[in-house]
Structures are given as C-alpha cells and as structure tokens.
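This report looks at a helix pair and at two annotated histidines, taking the packing of the helices before the surroundings of the histidines.

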Amino acid sequence: MTQITLRRPDDWHLHLRDGEMLAGIAPESARHFGRAIIMPNLVPPVVTGDQAAAYRDRILGALPEGSGFAPLMTLYLTETTDPSDVAAAFDAGIITALKLYPAGATTNSASGVRDFDKVRPVLELMAEKGIPLCVHGEVVDSDIDIFDREAVFIDRVLDPIRRATPGLRVVMEHITTKQGVDYARAGGDDLGATITTHHLVINRNHILVGGIKPHYYCLPVAKREEHRLALREAATSGDASFFLGTDSAPHADPAKESACGCAGCFTATNTLSILAEVFEQDGALDKLEAFASRNGPAFYRLPVSEETVTLVKGDPVTYPAKIETGAGPVTVFDPGMPLHWRVEG
Ligand SMILES: NC(=O)N[C@@H](CC(=O)O)C(=O)O
Ligand SMILES: [Zn+2]
Ligand SMILES: [Zn+2]
C-alpha cells in the first residue's frame, strides 16, 4: 500500500501549555489533528469552568488563521472542586472531561488529589452525567518502584474507585504496561485507555543505554520491551478500548537537558508519520483509523470527523529537529527510524 486515507485524527491527551510556549507549539497539533483533549496542568492549574473558558480562548487565539482545530477542555480535579461548577461548565459545553492527578505524580501535579473521599461528590456527579474522568494512573508512594507505579495504581486506587462509583466513565491515560492493557481491555464500555506515540516506539533501554537521553524521559516512564509489545498489540488491534492520546508535552530544552530534567516527550510534529510507520511494521495499517480517528470519539460520544487526511508513502519525510518558540527551543521526539509516510491535508 502506498497511500491511505483516514478520517481526520484527534488527540485525546495533549499539553498545549500557555503564553509563548502555546503560541509556538499550537500550530504543530493544529496542522494534522481535528480535536484534542487539553490537559489542565498549567501553573496554576485550570480548576474552574471560568478558567477553562478563558484558557480555551487563549488557545483559539494561538491557532493559525483559518484553523478548524477544536480544543476540548478539561478541569483539574482538586479536593476543593465544586460539583456545581463542574455541572455548569459541562452543561454549557465548556468542558469535556475532568483530569485526576494523584498529588505529586507528574509535572505540575501538586494540587492533585490525596484523599479520594474528598472528591466523592464530584465523582458521583460525573457518573450521573456521564462526564469522563481522565486519570494519570501512578501511585506516588516512595516505597513503590517507579516502574511498578502504574500496575500498583490499578489495584490500589483505580479499581476501588471504579467499584465505589458505578457508572463512572474513566480513561486510563497514557498506559505503559501489560497490566494497563489487560485492565482496560476487560473494563467494558465505561473504560477506555489512551496510548502515546512514543510508548509504541521506546522501551526503558532507549532512555538509559549508552548515556541518559532526557528527551526520552516522560511519565509514566517507558517500561520493559514486553510492555511496549503489549501496547503495540493493543493499539494495532482495533479494539475500541484503545485510542490515541499523544501526551505531547513540550518543555524547553534547558528544562529537559538538566541535572533534574522535566518529564515529557514532544511528538505533535511527527506523530502521524510515526504511527503510520508503526502500524505498517505490524501489518495493521487498516487499523490505524480505528486507533487515531474512530475509537476516541466513540468513547467520548462525539461524532467522527467529517474531514479526512491522506498519508502517502515515499522517500523518508523530513521534519524539524526542534521547534523554536518564544519560550525556547523544543526538541521533537526522535523515533530512531526513518519515516516514510507523509501527511497530506
Ligand atoms: N507525560 C509527561 O511526562 N509529562 C506531562 C504530564 C503528564 O502527562 O503526566 C507534562 O505536563 O509535562
Ligand atoms: Zn500524565
Ligand atoms: Zn500528559
């Protein structure tokens, strides 16, 4: 096959940041994607409906002229989130989902949840209204090895929350383990999982062998090869539980190339070319549309895009190594292989 046309893909987990960074990187996602779930972990976080509406306006203002890209906003769930504000923002069409960060789990998560009893009224409202909860699924206990944090979270936190809140619709964000794949697959219609581009490509060796590679460091951290293969199998299976959430998470190079480097891989620029290469390698190009364009809207109960993109196979595609922004240069994720699929339209 040398050409494939898909419904326009959406990104169900994206960090657009704010200010000069937003201005610099928003066009990278708007070029190919139709919609994206926008993460609320700004400093300070997006916690109210009014803040989400104002952030949405700033995003729309950063898009290239004529862009049809639609940011789907989320609220950062805190122990003081007001259920009536959530209900009003959802009913007004300002927000699409809420985001749960266990306090301390990742970049800008200090306002996250410590005591799950405190968010019970919000979770119950969400179950009643069908508002999805997007979850960063890692425990933060210092005695749990960082490579085990996702699997332990499923047993100790996620499963109990779901059992205690029947009807709660949950997206396991950026799953990185076989345990995550298995739990999502068994979870029924109210459970979905996003998979990033980079976790389909790298395992933990890529971060550490031959010298430490800060641009491959993200959270949840990439795991062993057997887990990467489980993610590949899930993404390319066409199973409706799994959909694309790039977790494209820009940090300016000095913040990554540092004695205490930030977590996050920036993949907005070359994600579709990487995915086409990956799906082709696995003999599953016919499943790319399900993963990138159909399963996400189905979970979020939104229509599939009316537009299409065409990927054309040819000589290796070129893309910038860095995106220059007013907040500094951002290194584009290097998949470590030539990419042959160019995106048209
Ligand atoms: N994925 C990351 O490594 N980083 C994200 C936060 C997140 O999604 O956990 C970020 O905001 O930089
Ligand atoms: Zn996360
Ligand atoms: Zn993220």
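Two residues are taken to be in contact if their C-beta atoms, placed from the backbone, lie within 7 Å. The model discussed here is predicted. By that criterion L22, A23 and A26 in helix α1 meet R58, I59 and A62 in helix α2, and the residues of this contact divide into five nonpolar, no polar and one charged. Helix α1 spans residues 19-30 and helix α2 residues 49-62, and their axes come within 8 Å and cross at roughly 60 degrees. Since angles of 65 to 115 degrees count as roughly perpendicular and those under 35 as roughly parallel, α1 and α2 are therefore oblique to each other. The crossing in which α1 passes α2 is right-handed.

The second topic is the annotation. An unreviewed UniProt entry places the feature "binding site" at H15, L16, R17, N41, H136, L219, H251 and A263. Two of these positions, H136 and H251, are set out below.

| Residue | Loop | C-beta atoms within 10 Å |
|---|---|---|
| H136 | between β6 (133-135) and α5 (149-164) | 24 other C-beta atoms |
| H251 | between β9 (242-244) and α9 (253-256) | 25 C-beta neighbours |

Because a residue counts as buried if 20 or more other C-beta atoms lie within 10 Å of its own, H136 is buried with 24, and H251 is buried with 25.

Which residues does H136 touch, not counting those up to four places away in sequence? They are L100, Y101, P102, A105, T106 and E173. With the same exclusion of residues up to four places away in sequence, H251 touches K256, C262 and G264.

Notes
Residues numbered from 1 in each chain as written. Chains lettered and ligands numbered in written order. Predicted model: local features only at pLDDT ≥ 70, side-chain atom pairs only at ≥ 80, totals over all residues. UniProt positions renumbered as here; feature names shortened; annotations may be inferred. Helix = DSSP H or I, 4+ residues; strand = E, 2+ residues; numbered from the N terminus. Buried ≥ 20, exposed ≤ 12 C-beta atoms within 10 Å, placed from the backbone. Axes fitted to C-alpha atoms, helices over the stretch in contact; angles between N-to-C directions. Parallel < 35°, antiparallel > 145°, perpendicular 65-115°, else oblique. Left-handed = near helix turned anticlockwise from the far one by under 90°. Nonpolar A, V, L, I, M, F, W, Y, C, P; charged D, E, K, R; others polar.
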